[in-house]
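Let's take a walk through a protein together. Have a look at the sequence and the 3D view below, and keep them handy as you read.

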Amino acid sequence: MASLRSPSCPLPCARPGRARVALCLVLLAATLAMATEQPPPQALRSDSGRFVAANAEFTLLHEMGHLLIAELDLPVLGREEDAADQLGFISLFLSYGRQRDADFYAKLLDIADYWRLEWQRIKPAEEEVYAWASHGLDAQRFYNLACLIYGSDPDQLEWVPKVTGLPVERALYCDQEYAQVRKALAWVEQQHGRTANEPIRHRIQVIYEPLSQYLEDSQHLLAQIRRSGEVEAIAARASEAYRLPRDLVLRLSNCGAADAWYSRTGGELVLCYERLTYFHALAAQLPRLRQTPAPALCQACR
Ligand SMILES: [Zn+2]
């Protein structure tokens, strides 16, 4: 995010007098303040490939959250689905290290916006998420993620509440929410993390099932995902970071539904090819979504 991090003084300051320096600093501060209020242009540009990759990665990391909860026998306060979202978000966030540039935030916004699209989608009854369900409502998952993104660096991300419509009442405490999630992961790492000298006893093996004939059209999409090596990287990171109690499998498979899950019984995380094609189809709606004024959406949700 070079434009935000390297603001240049808007006055020619080559021969600064004291008043000129003061004015320059004021203008510099104003420029900086304006800059943090503006989203990087990438964040609002719709990119179908980036949307699919970002949401495939988050889906895998959400399911990896379930895997860690089950395999490491983690204590969970609140709903497991919320904990899996939080573990997925913070794992993705931290895996990018200090590379928090405009593309990174564009990716995070793609993930939050997936839930905004789900929230707006008119669904058949069997796909509807009800208040009694184990998952949060789509709108809640959207705001939860928007809050964690903003809370990760409120000073630099003033544009996030504006773009997402995250109300100030929630935004005020997002830094605390982010800190809680970060602390929870630090605890997991401390309790179950593998030290550098410890051998890796168990790994997560990645298996790609052959693509069904009816998904032939998605061949290129799968090839893209495989080429990126992201699935293998996620499996390797988890195998190396934690003391897993047994060998596990991460399977990409044809399921007949746009789904993903972790099976405790089989020790298997499944990501359905149909989910990737679904992300691809949904990405076509991004340009329309990003023209929708966020505050109007927020009024609708109250
Ligand atoms: Zn889940």
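Which residues do ring pairs link into a cluster? They are Phe89, Phe93, Tyr96, Phe104, Tyr105, Trp159 and Tyr178. Before you go hunting for them, keep in mind that this is a predicted model.

Stay with the rings for a moment. A pair of aromatic rings is described by how far apart the centres are and by the angle of the planes. The count of aromatic pairs here comes to 12. One of them joins Phe104 and Tyr105, with 5.1 Å from centre to centre and 70° between the planes, so the pair goes down as edge-to-face, the label for angles over 60 degrees. Phe104 and Tyr105 are both buried.

Now try Phe142 and Tyr143, another aromatic pair. Their centres are 5.0 Å apart and their planes make an angle of 55°, which earns this pair the label tilted. Buried or exposed, what is Phe142? Phe142 is buried, because its relative accessible area is 0%, and buried means under 20%. Tyr143 comes out at 9%, so Tyr143 counts as buried too.

Rings can also meet charges. Find Arg226 and you'll see its charged end sitting over the ring of Tyr208, 3.8 Å from the ring's centre.

Next stop, the metal. Which residues are the protein donors of the zinc ion? They are His62 and His66, each through NE2, and Glu81 through OE, and they lie 2.1 Å from the ion. Along the chain, the donors follow the spacing H-x3-H-x14-E. That brings together distant parts of the chain: His62 belongs to helix H4 (residues 48–71), while Glu81 belongs to helix H5 (residues 80–95), 19 residues apart. His62 has a relative accessible area of 5%, so it is buried. Glu81 is at 13%, and therefore counts as buried as well.

Let's turn to the empty spaces. The largest pocket holds about 770 Å³ of space. Its lining is made of 30 residues, and Trp115, His135, Ala258, Asp259 and Arg275 are the ones nearest its centre. Helix H4, which you met at the zinc ion, gives the most to this lining, with six residues. H4, helix H6 (102–120), helix H7 (138–151) and helix H13 (273–283) each supply at least two residues. Sorted by class, the lining of the largest pocket has 12 nonpolar, six polar and 12 charged residues.

The second largest pocket has a volume of about 620 Å³. Of the 24 residues that line it, Pro75, Leu77, Ala83, Gln86 and Ala184 lie nearest its centre. H5, H7 and helix H10 (174–192) are the elements giving two or more residues, and the largest share, seven residues, comes from H10. The class mix in this second lining is 15 nonpolar, four polar and five charged.

One last spot is a cavity. The structure has one cavity of 30 Å³ or more, and about 40 Å³ of space lies in the largest cavity. What lines the largest cavity? Leu211, Ser218, Leu221, Leu222, Tyr273, Leu276 and Thr277 do. Helix H11 (219–228) and H13 each give two or more of these residues, with H13 providing the largest share, three. Five residues of the cavity lining are nonpolar, two are polar and none is charged.

Notes:
Residues numbered from 1 in each chain as written. Predicted model: local features only at pLDDT ≥ 70, side-chain atom pairs only at ≥ 80, totals over all residues. Heavy atoms only, no water. Donors = N, O, S within 2.8 Å, 3.2 Å for Na, K, Ca; no water. Helix = DSSP H or I, 4+ residues; strand = E, 2+ residues; numbered from the N terminus. Buried < 20%, exposed > 50% of the residue type's maximum accessible area, 1.4 Å probe, protein only. 1 Å grid on protein atoms, 1.4 Å probe; cavity = no way out; pocket = protein on both sides within 12 Å on 5 of 7 lines; lining within 4 Å. Points joined across faces, edges and corners; volume = space filled by probe spheres on them. Nonpolar A, V, L, I, M, F, W, Y, C, P; charged D, E, K, R; others polar. Phe/Tyr/Trp six-rings, centres within 6.5 Å; stacked < 30°, edge-to-face > 60°. Lys NZ or Arg CZ within 6 Å of the ring centre and 35° of its normal.
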